[in-house]
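Q: Please take a close look at one part of this model. I would like the helix packing described with its numbers and cut-offs.

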Amino acid sequence: MMKKIYSLIISSLLTLSSFGQSQGSDSLNINKDLKFKYEALIIPGVLIGYGVIGLESHTLKDINTDTKNEIKEHIDKKFTIDDFSQYSAFLSVYALNAAGIKGKNNFKDRTIILTSAYLIMGTTVNVIKMTGNEMRPDGTSNNSFPSGHTATAFMGAEFLYQEYKDVSIWYGVSGYLVAAGTGFFRMYNDRHWFSDVAAGAGIGILSTKIAYWLHPVTKKIFKKKENLNGVILPVYNGREYGLAMAVSF
């Protein structure tokens, strides 16, 4: 079972490819292509592996339960900040550019990368959720593994890091701190186990890395597209808040 799910995650992440104001000067004059490095797979691979093993391992299940009980002892009331903080890192990239702080890529290229990363991450998370059977800590549904909020947050954190690491590494550090906080609040609000959060973080990081590796290909697909339009809108499904992103090329 564990091998099947782990294979599904890795194969989905490594085989998915997708589409990626003008190509103006709103970016740093640096080499924008991010070359594939096997070392970059270590951290997300370990996180994903921990989450998958946690589905069956009694030791890791005990860690999940102990973590839940420890957090529960200090809960006064739930905070839904994680419904919003999951988006803060990748939105910060656009906010910083709007403030005149240039990142690695211009508006079109970074939007192609973000769209690619979001599609890879979202598809992977939802396929696993639909095929899995992990009950949430609060007992409301059996699609706990992996944490989609955490995956979105860490996808955005890696995106922020890649765009601004040549300006200051502290942009990336702040993004990862917010992402870690998002994962914590998913456990705090009794919506996910620790192993769900770990796997979500790994999927999010790896999705963004893959999007950057694929960018030399995806940018060629839209090379002749001069206009890029997009909109981000708030959504509410009766239980949770979120954002919907639509991009047209």
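A: What follows is a walk along one helix and through its packing partners.

This is a predicted model, in which local features need pLDDT of at least 70, side-chain atom pairs count only at pLDDT 80 or more, and totals for chains, interfaces and linings use all residues. Residues are numbered from 1 along each chain as its sequence is written, and side-chain values use heavy atoms, with hydrogens and water left out.

Start with helix 6, residues 107–131. Helices here are DSSP runs (H or I, at least four residues), numbered from the N terminus. Helix 6 has 25 residues and spans 36 Å from its first C-alpha to its last, close to the expected 36 Å. That expected span is 1.5 Å times one less than the number of residues. Of the 25 residues in helix 6, 18 are buried (under 20% relative accessible area, with a 1.4 Å probe and protein chains only). At the start of helix 6, a side-chain oxygen of Asn-106 comes to within 3.3 Å of the backbone nitrogen of Lys-108.

Next, the partner. Helix 9 covers residues 194–221 and packs on helix 6 at about 135°, with the axes 8 Å apart. Axes are lines fitted to C-alpha atoms over the stretch in contact, and angles run from 0 to 180 degrees between N-to-C directions. Helix 6 and helix 9 are therefore oblique to each other (not under 35 degrees, not over 145 and not 65 to 115). From helix 6, the residues in contact include Ile-113, Ala-117 and Thr-124; from helix 9, they include Gly-204, Ser-207 and Ala-211. Contact means heavy atoms within 4.5 Å.

Ser-207 sits in helix 9. Its relative accessible area is 0%, so Ser-207 is buried. A polar atom of the Ser-207 side chain lies 2.7 Å from the backbone oxygen of Ile-203.

Helix 9 has another neighbour. Helix 8 (residues 169–188) packs against helix 9 at about 150°, with axes 9 Å apart. That makes helix 8 roughly antiparallel to helix 9. Tyr-176, Gly-183, Arg-186 and Met-187 of helix 8 make the contact with Phe-194, Val-197 and Ile-205 of helix 9.

Finally, Glu-158 belongs to helix 7, residues 148–164. Glu-158 counts as buried, at 3% relative accessibility. It touches Tyr-176, Ile-205, Thr-208 and Lys-209, leaving out residues up to four places away in sequence. The Glu-158 side chain also makes a polar contact with the side chain of Lys-209, at 3.1 Å. A polar contact is a pair of N or O atoms within 3.5 Å; within protein, one must be able to donate a hydrogen and the other to accept it, and residues adjacent in sequence count only if both atoms are side-chain atoms.

Methods:
Helix = DSSP H or I, 4+ residues; strand = E, 2+ residues; numbered from the N terminus. Buried < 20%, exposed > 50% of the residue type's maximum accessible area, 1.4 Å probe, protein only.
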